[in-house]
Amino acid sequence: MHRSSATAFTLAVLVVLAAGCADDADTDAAPGPSATVTATGEATPDAVVPTTATASPTTGSALNTAQVCRAVDQLIIDGSRQIVADSTAATREELTPEQLNGKLKGRLSRLADDVRGQARRAQDARIKKLIDDTAAKIDDGAAAKSPASWMGKEFVDIPPRLTRDCHA
């Protein structure tokens with residue numbers, strides 16, 4: 001029974017990891033030249049206007065937000081990978097559920113601290129609050145009686161929420 005529950009947990013974490021990795025290709029891509037269709041039906045490329053590296057307060061804040069959001073995404077992905085590795089090792093080593101919970105609690109606690117560190121970097125108050133809330137949710141998982149159950153119910157909601165609210 002223990003082996004199958006650890007295997008099921010590993011599969012659940014892989015689903016979370018896959019969700020965290022699913023990224024819209026358009027979010028990081030720079031806009032390329034576009035085309036305009038003329039009245040004659042011919043496509044003509046639109047003019048590409050070069051941008052300058054001069055940062056306005058809005059641009060600097062937007063850049064900071066993008067950097068912080070990407071960093072949090074990467075922390076969640078890396079944390080998920082580490083949890084999968086811990087779960088795989090727990091299955092191989094035939095750890096008890098209590099031992100696995102202990103590993104998960106420590107891993108989630110460190111992840112929450114790392115996410116909270118990114119919140120301190122955020123210049124946008126809305127993003128700071130979102131990331132602080134995310135760290136608090138992860139803290140809830142570290143404090144849960146069964147972090148594995150918490151991950152299947154709560155952790156899976158974190159990547160889509162970040163994608164929706166942090167990158168908006």
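The expected span of a helix is 1.5 Å times one less than its number of residues. Keep that in your pocket for the first stop; and remember on the way that this is a predicted model.

**Stop 1: helix H5.** Select residues 125–143, which make up H5, the element with the highest mean pLDDT (96). Now use the rule: H5 has 19 residues, so its expected span is 27 Å, and its end C-alpha atoms are indeed 27 Å apart. Next, highlight Ile127, Leu130, Ile131, Thr134, Ala135, Ile138, Gly141 and Ala142, the buried residues of H5. They sit on the same side of the helix, because they cover an arc of only 135 degrees around its axis. An α-helix has 3.6 residues a turn, so residues three or four places apart point the same way. Turn to the face away from that buried side and you'll meet Ala125, Lys129 and Ala143, which are exposed.

**Stop 2: the core.** Which residues have the most contacts inside the largest nonpolar core? Pick Ile76, Val115, Ile131, Ile138 and Trp150 out of its 28 residues. H3, H4, H5, helix H6 (147–153) and helix H7 (158–165) each chip in at least two residues, and H4 gives the most, with 7. In soluble globular proteins, nonpolar side chains tend to be buried together.

Zoom in on Ile76. Leaving aside residues up to four places away in sequence, Ile76 touches Leu111, Val115, Ile138, Phe155, Ile158, Pro159 and Leu162.

**Stop 3: two rings.** Show the side chains of Trp150 and Phe155, both of them buried. The count of aromatic pairs comes to 1. That pair is Trp150 with Phe155, tilted, at 5.9 Å centre to centre with 50 degrees between the planes.

**Stop 4: a loop.** Go to Glu94, in the loop between helix H3 (57–93) and helix H4 (97–121). What is its phi? Glu94 has a positive one, about 55 degrees, although it is not a glycine. Most residues other than glycine have a negative phi. Is Glu94 buried or exposed? It is exposed, with a relative accessible area of 59%.

**Last stop: confidence.** Colour everything by pLDDT. The protein averages 75, and 64% of the residues score at least 70. Residues 14–57 have a pLDDT below 50, and in the model this stretch has 30 contacts beyond near neighbours in sequence. Try strand E1 (residues 35–37) too: among the elements, E1 has the lowest mean pLDDT, 38. Finish at residues 1–8, where pLDDT stays under 50 and the model has 9 contacts beyond four places in sequence.

Notes:
Residues are numbered from 1 along each chain as its sequence is written. This is a predicted model: local features need pLDDT of at least 70, side-chain atom pairs count only at pLDDT 80 or more; totals for chains, interfaces and linings use all residues. Side-chain values use heavy atoms; hydrogens and water are left out. Rings of Phe, Tyr and Trp (its six-membered ring) pair if their centres lie within 6.5 Å; planes under 30 degrees apart count as stacked, over 60 as edge-to-face and the rest as tilted. Buried means under 20% relative accessible area, exposed over 50%, partly exposed in between (1.4 Å probe, protein chains only). pLDDT is the predictor's confidence in each residue, from 0 to 100. Helices (H or I, at least four residues) and strands (E, at least two) are DSSP runs, numbered from the N terminus. Contact means heavy atoms within 4.5 Å. A nonpolar core is a set of buried Ala, Val, Leu, Ile, Met, Phe, Trp, Tyr and Cys residues joined through side-chain atoms within 4.5 Å. The arc is that of the directions from the helix axis to the C-beta atoms.
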